[in-house]
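Visitor: Could you walk me through one part of this protein up close? I'd like to hear about the sheet and whatever sits around it.

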Amino acid sequence: MSASPAASQNDGQASGQPAKSGNEQVKFRFCGDCSNMLAPKEDRINNKLMYCCRMCQYSEEADSACIFRNNIYNVIGETAGVTQDVGSDPTLPRSNKRCPKCHEVEAVFFQSQQRSAETGMKLFYVCCSCGHIFQ
């Protein structure tokens with residue numbers, strides 16, 4: 001079968017370069033004998049992480065202790081949840097700030113929705129006429 005996955009060689013990296021610490025990528029590894037996917041297994045005698053085939057006796061030593069990586073990106077936009085119709089909300093404070101899009105002078109304003117230590121207080125304005133969001 002020529003379309004079977006190739007066995008993992010060297011360090012398992014597609015580029016041939018070692019993985020960067022802290023941001024390494026976890027890759028699937030495949031058996032060199034039967035092309036089945038290798039599973040991580042602990043070698044308790046030698047205190048090493050191994051990748052072993054469940055169908056045959058093939059095994060290889062892992063080059064990294066990382067077998068799973070879950071990246072969670074928690075980026076909230078500064079204007080998250082803001083719609084253009086907030087201009088009609090009577091509970092929001094109003095300002096005489098001029099809209100750069102339609103040049104009307106009535107806008108509602110609110111504070112940035114990002115809550116982090118490095119974010120200072122930013123005010124965002126929403127034009128009551130066209131709904132344009134600006135600072």
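Guide: A quick definition to start: two strands count as paired if DSSP finds at least two bridges between them. Keep in mind, too, that this is a predicted model. With that in hand, here's the sheet: it is open, has 3 strands in the order 1-2-3, and its pairing is antiparallel. Strand 1 and strand 3 (59-61) sit at the edges with a single partner strand each, so each has one side without a neighbour in the sheet. Going from one strand to the next, the twist averages 35 degrees. As for what holds such an arrangement together, strands of a sheet pair through backbone hydrogen bonds, either parallel or antiparallel.

Now zoom in on strand 1 and strand 2 (residues 48-52), which pair in the antiparallel sense over 5 bridges. Look for Pro40 there: its bridge partner in strand 2 is Tyr51. Pro40 turns up again at the largest pocket, which has a volume of about 250 Å³. That pocket is lined by 13 residues, and the closest to its centre are Phe28, Met37, Leu38, Ala39 and Pro40. By type, the lining divides into 9 nonpolar, 1 polar and 3 charged residues.

Step back along the chain and you meet Ser35, in the segment before strand 1 (39-43). Have a look at its backbone: Ser35 isn't a glycine, yet its phi is positive, about 65 degrees. The relative accessibility of Ser35 is 23%, so it counts as partly exposed, given that buried means under 20%.

Methods
Residues are numbered from 1 along each chain as its sequence is written. This is a predicted model: local features need pLDDT of at least 70, side-chain atom pairs count only at pLDDT 80 or more; totals for chains, interfaces and linings use all residues. Side-chain values use heavy atoms; hydrogens and water are left out. On a 1 Å grid over the protein atoms alone, a cavity is a set of points where a 1.4 Å probe fits but cannot get out, and a pocket is an open set with protein on both sides within 12 Å along at least five of seven lines; lining residues have an atom within 4 Å of a point. Grid points are joined across faces, edges and corners, and a volume is the space filled by probe spheres set on the points. Ala, Val, Leu, Ile, Met, Phe, Trp, Tyr, Cys and Pro count as nonpolar, Asp, Glu, Lys and Arg as charged, and the others, Gly among them, as polar. Helices (H or I, at least four residues) and strands (E, at least two) are DSSP runs, numbered from the N terminus. Buried means under 20% relative accessible area, exposed over 50%, partly exposed in between (1.4 Å probe, protein chains only). Axes are lines fitted to C-alpha atoms, for helices over the stretch in contact, and angles run from 0 to 180 degrees between N-to-C directions.
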